[in-house]
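Let's take a friendly tour of some aromatic rings and the residues around them. Have the sequence and the model open as you read.

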Amino acid sequence: MNWNDIPHNAGTPNFDNLLAVLQRQVPKRPTLFEFFLNEPLYERLVPELTVNPDDLYAVIKRQVIASYRLGYDYTTFRVPGFDFNKD
């Protein structure tokens with residue numbers, strides 16, 4: 001595999017695989033999990049989508065596309081205003 005090639009997932013995401021892992025069951029196939037990827041990786045995986053960091057829709061769209069291309073069964077993203085109180 002060439003590192004410069006953008007991966008294209010050949011499978012179909014199945015959130016039940018992640019649920020099985022969280023419930024200490026055996027998933028139907030190996031299940032990857034990441035809380036997030038880094039910005040350069042998102043840019044590499046989805047070069048056709050230029051994202052303004054203030055455009056929440058575009059940020060989430062790029063994360064979904066990147067997760068799909070890598071074969072993840074889910075995408076994580078931050079919901080604005082939904083944080084733990086830091087005080």
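What follows looks at the aromatic pairs, then at the surface, then at two neighbouring residues. Please keep in mind that this is a predicted model.

## The aromatic cluster

How many aromatic pairs does the structure hold? There are 3 of them. One is formed by F33 and Y74, whose rings are stacked, at 5.2 Å centre to centre with 20° between the planes. F33 sits in the loop between α1 (15–22) and α2 (39–45), while Y74 belongs to the segment after α3 (56–70), so this pair ties together parts that are 41 residues apart in sequence.

The two partners are not covered alike: F33 is partly exposed, with a relative accessible area of 40%, whereas Y74 is buried, at 10%. Y74 also pairs with Y72: the ring centres are 5.8 Å apart and the planes stand at 85°, so this pair is edge-to-face. The angle explains the label, because planes over 60 degrees apart count as edge-to-face and those under 30 degrees as stacked. Y72, like Y74, is buried. Together, F33, F35, Y72 and Y74 make up one aromatic cluster.

## The side that faces out

Which residues form a nonpolar patch on the surface? They are F33, F35 and F36, with about 390 Å² of accessible area together. F35 lies in the loop between α1 and α2, and its relative accessibility of 62% makes it exposed. F33 and F35 therefore appear twice in this report, as members of the aromatic cluster and of the surface patch.

## Two helix residues beside the rings

Is L18 buried or exposed? This residue of helix α1 is buried, with a relative accessible area of 7%. Setting aside neighbours within four places in sequence, L18 is in contact with T31, F33 and Y74, so the stacked pair has both of its members among these contacts. L18 and T31 are 13 residues apart along the chain, and their C-alpha atoms are separated by 6.5 Å.

Helix α3 offers another residue to look at, S67. S67 counts as buried, at 10% relative accessibility. Beyond its neighbours within four places in sequence, S67 is in contact with Y72, Y74 and T75. Y74 thus appears in the contacts of S67 as well as in those of L18.

Key
Residues are numbered from 1 along each chain as its sequence is written. This is a predicted model: local features need pLDDT of at least 70, side-chain atom pairs count only at pLDDT 80 or more; totals for chains, interfaces and linings use all residues. Side-chain values use heavy atoms; hydrogens and water are left out. Rings of Phe, Tyr and Trp (its six-membered ring) pair if their centres lie within 6.5 Å; planes under 30 degrees apart count as stacked, over 60 as edge-to-face and the rest as tilted. Helices (H or I, at least four residues) and strands (E, at least two) are DSSP runs, numbered from the N terminus. Buried means under 20% relative accessible area, exposed over 50%, partly exposed in between (1.4 Å probe, protein chains only). Contact means heavy atoms within 4.5 Å. Patches are made of residues with over 30% relative accessible area and no salt bridge: like charges are joined within 9 Å, nonpolar side chains (Val, Leu, Ile, Met, Phe, Trp, Tyr) within 5 Å. Accessible areas come from the Shrake-Rupley method with a 1.4 Å probe; for residues, only the protein chains shown count as cover. A salt bridge is a side-chain nitrogen of Lys or Arg within 4 Å of a carboxyl oxygen of Asp or Glu.
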